[in-house]
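Visitor: I'm new to this one, so could you walk me through it? I'll ask, and you can point things out as we go.

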Amino acid sequence: MGTANLFEVGCDANLGAVQFEQRLTAPSYGLRLHGYFHGNDALRNRWGILAVLFAVRLTMGFQFQSVAAVAPLLSREFDIGLADIGLLIGLYFAPGVALALPGGAIGQRFGDKTTVLAALLLMLAGGLAMALSASWGVQIAGRLIAGAGGVMLNVQMTKMVTDWFAGREIATAMAIFVNSWPAGVAISLLTLPAIGTAYGVGAVYLAVAALIGCGILLLAALYQPPVNSVVATAASGRLDRNAVIAVIAAGSIWSLYNVGFATIFSFGPSMLVERGWSITAAGSAISIVLWLTVLSVPAGGFLADRTRHPELIIVAGCIVFAMLMMTLPRSGAVIATTVALGLICGLPAGSIMSLPARVLQPATRAIGMGLFFTVYYAGLMLGPVLGGACAKWAGSAGAALDFGAAMILACPVILWGFNRIQAAVPRMA
């Protein structure tokens, strides 16, 4: 079977599972993929695999939030301010600027499962370094090492979900998979403040390391690649200037949206502690946003598809989201505000993530998405640092939430620019 024909079969999103197998298992091609003869088992297996991937990726959100969840304890132990806390939070994403583009190539060279296991080991090593040292320099180094693992895990596991669900409920699968991040953050907010208050910051990092260790065992024991996995080689393409600008604009929207979202759980607990809440109660209150986001993200995607007005969902969602963020530091109705935030903040996510597909052709999709994630990680690296600087300048963590609201309000403006640029990008035949 020629490379071109193999690529055609592997990329036909409308090809049914049975037809796909029949074309690949025909004697003339010499390929036998008997796993698809057991259709019902295959269906159960792929959703089971998604559950495994969800649980493993959850460890990334859990580790990321481990700093912000116990920020007041870190401030006392290391004698640091909110700006330093923001730096430590943002460093988790710093390796993404360098690793997002080559991340796919690394996985292709060493294999999906091996790459993700290596990523988890980096996350584990970074977490243990932070747990076992009282040096601020080691805290920074450990955070960078853990972040490098997190970036590799994020890029590669997204590809693994695609392998299992391409052409078969991939939107639903991706919505579930993406929600592993807020779920991990929410669990972190619920559990780590209590652990830190009772046993210290070192115990918090050890708890994170223990969960990552469970993720390693889970992936090693239960993950398997799909039996119909096909490696296809496509002709590489180059992005024209307008497509590059459009992808950068889309990546900026996704980055700024996530910067604003991250300020809620990065600085929200500290803001409530400043108002007299205990660290445990503050973490539990802010975690409400994360738990409800698990519902609002897929709901927003459903509304966008149903109404066929995804940009309206982005604009309206971002405006209401920003207004609620500015309300939170100033309102006495904290629980009601966090509930409203959780129900609204996830609505634009699916529509924003669909923007790159409008300007990327199949031949440019790999490099285009690499550029998209590079912009995304660059913004996530700088966002918490700037948010922490705003909090330091104003003398209150609430200023970081105002900064996050400003970032979210910038998204509809950039979306207008994206639409202008998109019109100049050549359409795919």
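Visitor: Let's pick a spot to begin. Where is the place of Asp-79?
Guide: Keep in mind as we look around that this is a predicted model. Helix 4 covers 71-78 and helix 5 covers 82-90. Asp-79 sits between them, in the loop between helix 4 and helix 5.

Visitor: Is Asp-79 buried or exposed?
Guide: Its backbone is worth a glance too, since Asp-79 has a positive phi of about 55° although it is not a glycine. Over 50% relative accessible area is what it takes to be called exposed. Asp-79 is at 70% relative accessibility, so it counts as exposed.

Visitor: Stepping back, how many helices and strands does the protein chain have?
Guide: The protein chain has 429 residues, and buried ones make up 49% of them. As for its secondary structure, the count comes to 18 helices and zero strands.

Visitor: Of the contacts between residues at least 6 apart in sequence, what share join residues at least 24 apart?
Guide: Here's an example of a long reach: Tyr-377 and Ala-98 are 279 residues apart along the chain, yet their C-alpha atoms are separated by 9.2 Å. Across the protein chain, among contacts between residues at least 6 apart, the share that join residues at least 24 apart is 83%.

Visitor: What about the outside: how much of the exposed area do carbon and sulfur atoms supply?
Guide: The protein chain exposes about 18,200 Å². Of that area, the part supplied by carbon and sulfur atoms is 66%.

Visitor: Which residues does Thr-59 touch, beyond those up to four places away in sequence?
Guide: Thr-59 belongs to helix 3, residues 39-69. With 2% relative accessibility, Thr-59 counts as buried. Leaving out residues up to four places away, Thr-59 touches Leu-120, Met-123, Leu-211 and Ile-212.

Visitor: And which residues is Tyr-377 in contact with, leaving aside neighbours within four places?
Guide: Find helix 17, residues 365-394, and you'll find Tyr-377 in it. Tyr-377 has a relative accessible area of 1%, so it is buried. Outside its sequence neighbours, Tyr-377 is in contact with Met-60, Phe-93, Gly-96, Val-97, Ala-100, Val-151 and Asn-154.

Visitor: Which aromatic cluster does Tyr-377 belong to?
Guide: A search of the whole structure turns up 13 aromatic pairs. The cluster that includes Tyr-377 is made of Phe-64, Tyr-92, Phe-93, Trp-181, Trp-254, Tyr-257, Phe-321, Phe-372, Phe-373, Tyr-376 and Tyr-377.

Visitor: What kind of pair do Tyr-257 and Phe-321 make?
Guide: Both are buried: Tyr-257 has a relative accessible area of 4%, and Phe-321 has 0%. Their ring centres are 6.1 Å apart, with the planes at 70°. Planes over 60 degrees apart get a particular name, so this pair is edge-to-face.

Visitor: How far apart in sequence are the parts that this pair ties together?
Guide: Tyr-257 lies in helix 12, while Phe-321 lies in helix 14. The pair therefore ties together parts whose separation in sequence is 64 residues.

Visitor: Which helices do the buried residues of helix 14 pack against?
Guide: Those buried residues are Ile-313, Ile-314, Gly-317, Cys-318, Phe-321, Ala-322, Leu-324 and Met-325. They cover an arc of only 160° around the axis, so they are on the same side of helix 14. They pack against helix 12, helix 13, helix 15, helix 16 and helix 18.

Visitor: Why do the buried residues of helix 15 line one face?
Guide: In helix 15 the buried ones are Val-334, Thr-337, Thr-338, Leu-341, Gly-342 and Cys-345. Seen down the axis of helix 15, they line one face because they fall within an arc of 135°.

Visitor: What do the buried residues of helix 15 pack against?
Guide: The helix has 12 residues, which at 1.5 Å a residue should span 16 Å, and its end C-alpha atoms are indeed 16 Å apart. Its buried residues pack against helix 12, helix 13 and helix 14.

Visitor: One last thing: how far is the sulfur of Cys-411 from the closest cysteine sulfur?
Guide: Cys-411 counts as buried, at 0% relative accessibility. A disulfide needs the sulfur atoms within 2.5 Å, and the count here comes to zero disulfides. The closest cysteine sulfur to that of Cys-411 is in Cys-318, too far for a bond at 4.6 Å.

Terms used:
Residues numbered from 1 in each chain as written. Predicted model: local features only at pLDDT ≥ 70, side-chain atom pairs only at ≥ 80, totals over all residues. Heavy atoms only, no water. Helix = DSSP H or I, 4+ residues; strand = E, 2+ residues; numbered from the N terminus. Expected span 1.5 Å × (residues − 1). Buried < 20%, exposed > 50% of the residue type's maximum accessible area, 1.4 Å probe, protein only. Arc of directions from axis to C-beta. Contact = heavy atoms within 4.5 Å. Areas by Shrake-Rupley, 256 points an atom, 1.4 Å probe, with all protein chains shown as cover. Phe/Tyr/Trp six-rings, centres within 6.5 Å; stacked < 30°, edge-to-face > 60°.
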